[in-house]
Amino acid sequence: MTQHFLLSSKARSLSLINILRASDYEIFEQFKAVRFADNNGEPFCPHCGSIVCFECPRKNGSKRWRCKGCYKDFTLTSGTLFASHKLHLQVYLAAIAIFINEVKGKAALALSRDLNVQYKTAFVIAHKIREAMSTEVSKIELGGQETEVEVDGAYFGGYIRPRNLKSERIDRRKIYKPGKRVVVVIRQRGGLARTAVFKSEQESISFIREHVAPGTTIHADEAPGWNALHASYNVMRINHSEAYSLNGACTNQAESFFSRLRRGEVGHHHRVIGPYLDRYAGEMAWRENNRRMPNGDQLNVLLKLIMNNRKSEIFNRYWHH
């Protein structure tokens, strides 16, 4: 019997113990090599791009450089998702390692206990990591001639607690739920996945047309929201009341993605609705796209994404803007 990749030794190229045993200098050099990879690990100004810089440390001894071109100061994390950081770099590297080792997500409360930081600090660090993941997912283009993609949607939020007395209970399916949103996934067979959040499946048609190349065969279920796709693609529909897969049509890989997202919601986060739903979906898409990659390579890819991204759109320092 073939061994699953996640159970093999190749999948374990990263050890949290090695990160905790590393010196401050080793951690700093690792961040530095990633941050300034375009200049062979040597610092350059993030403001004007000049490579002529000199060290200008702070009074507390922390590393800082000054550009001879624009005469502006910058640090290792200036202009990145970890800008204005106060924790040691080792804490951030450990946070990334802990985050990627959780297959179905990492709860902010558990992360705060692992790192011995406040809950809101762990919450912000986790969402900055998700923001980096989502930026990579948002650049994915799918489909093409002789390729197949699966499209499906799953609704989150809008839960209404049933009344205590049976006589007072009503059909909650007919009640308008303002917080209810649908996560739509486009997953290419044997390839990558991309997600987005909408109020209904029908609203995602323009999104699908924009990011799925013409000539692609799309697999979808019998939901009426996908009827408009027939005008642009060869669409194969599957009626789940009859079968999961029939005559070559199925959305099993899209359903598999949602099963993992649901498990993350139920087992770790308990609540993924609201303005952060898109980030949770993007996180799970990134995990699915890189699930066959060793965790050490995942850390390197994610660290590069974090250091190459601009400051967070929502979070500043350790809380909201």
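I call a residue buried when its relative accessible area is under 20%, exposed when it is over 50%, and partly exposed in between, using a 1.4 Å probe on protein chains only. By that rule I looked up Y280 first, and with a relative accessible area of 9% Y280 is buried.

**Ground rules.** I am working from a predicted model, where local features need pLDDT of at least 70, side-chain atom pairs count only at pLDDT 80 or more, and totals for chains, interfaces and linings use all residues. I number residues from 1 along each chain as its sequence is written, and side-chain values use heavy atoms, with hydrogens and water left out.

**Helix 8.** For helices (H or I, at least four residues) and strands (E, at least two) I take DSSP runs, numbered from the N terminus. Y280 is found in helix 8. I counted contacts as heavy atoms within 4.5 Å. Not counting residues up to four places away in sequence, Y280 touches H127, R130, L261, H269, R271 and V272. I also checked Y280 against G105: they sit 175 residues apart in sequence, yet 8.7 Å apart in space, C-alpha to C-alpha.

E288 is found in helix 8 as well. I asked whether E288 counts as buried or exposed. At 3% relative accessibility, E288 counts as buried. With neighbours within four places in sequence set aside, E288 is in contact with R187, F257 and R260.

**Strand 9.** I then went to the strands, where pairing needs at least two bridges found by DSSP. Why is strand 9 (residues 217–221) largely enclosed by the rest of the structure? Five of its five residues are buried, so the rest of the structure largely encloses it. In a regular strand, side chains alternate between the two faces of the sheet. Here I see T217, H219 and D221 pointing one way from strand 9, with I218 and A220 pointing the other way, and all are buried.

Strand 9 runs parallel to strand 5 (residues 148–156), joined by three bridges. In that pairing, E150 has H219 of strand 9 as its bridge partner. Strand 9 also runs parallel to strand 10 (residues 234–238), this time with five bridges. There I218 has V235 of strand 10 as its bridge partner.

**The strand 6 and strand 7 hairpin.** Strand 6 (residues 181–188) and strand 7 pair in the antiparallel sense over six bridges. One of the matched pairs I noted is V182 with F198 of strand 7. The two strands form a hairpin with four residues between them, and G190 in the turn has a positive phi of about 75°. Five of the six residues of strand 7 (residues 193–198) are buried, so this strand is largely enclosed by the rest of the structure.

**The three-stranded sheet.** I found an open sheet with the order 1-2-3 and antiparallel pairing. Strand 1 (53–55) and strand 3 (73–74) stand at the edges with a single partner strand each, so each has one side without a neighbour in the sheet. Strand 2 (residues 65–67) pairs with strand 3 over two bridges, and R66 stands opposite D73 in strand 3.

**Cores.** A nonpolar core here is a set of buried Ala, Val, Leu, Ile, Met, Phe, Trp, Tyr and Cys residues joined through side-chain atoms within 4.5 Å. The largest has 64 residues, of which F31, L76, I96, L115, I129, L302 and I306 touch the most other members. Helix 3 (residues 89–101) gives the largest share of this core, eleven residues. I followed F31 further: leaving aside neighbours within four places in sequence, F31 is in contact with L76, F82, L89, Y92, L93, L303 and M307. Apart from this core lies another, of 20 residues, including I186, A196, I205 and L229.

**Largest pocket.** I searched a 1 Å grid over the protein atoms alone; a pocket is an open set of points where a 1.4 Å probe fits, with protein on both sides within 12 Å along at least five of seven lines, and lining residues have an atom within 4 Å of a point. Points are joined across faces, edges and corners, and the volume is the space filled by probe spheres set on them. The largest pocket has a volume of about 570 Å³. Its lining is 23 residues, of which S62, K63, H85, L87 and L89 lie nearest its centre. Helix 2 supplies the largest share of that lining, three residues.
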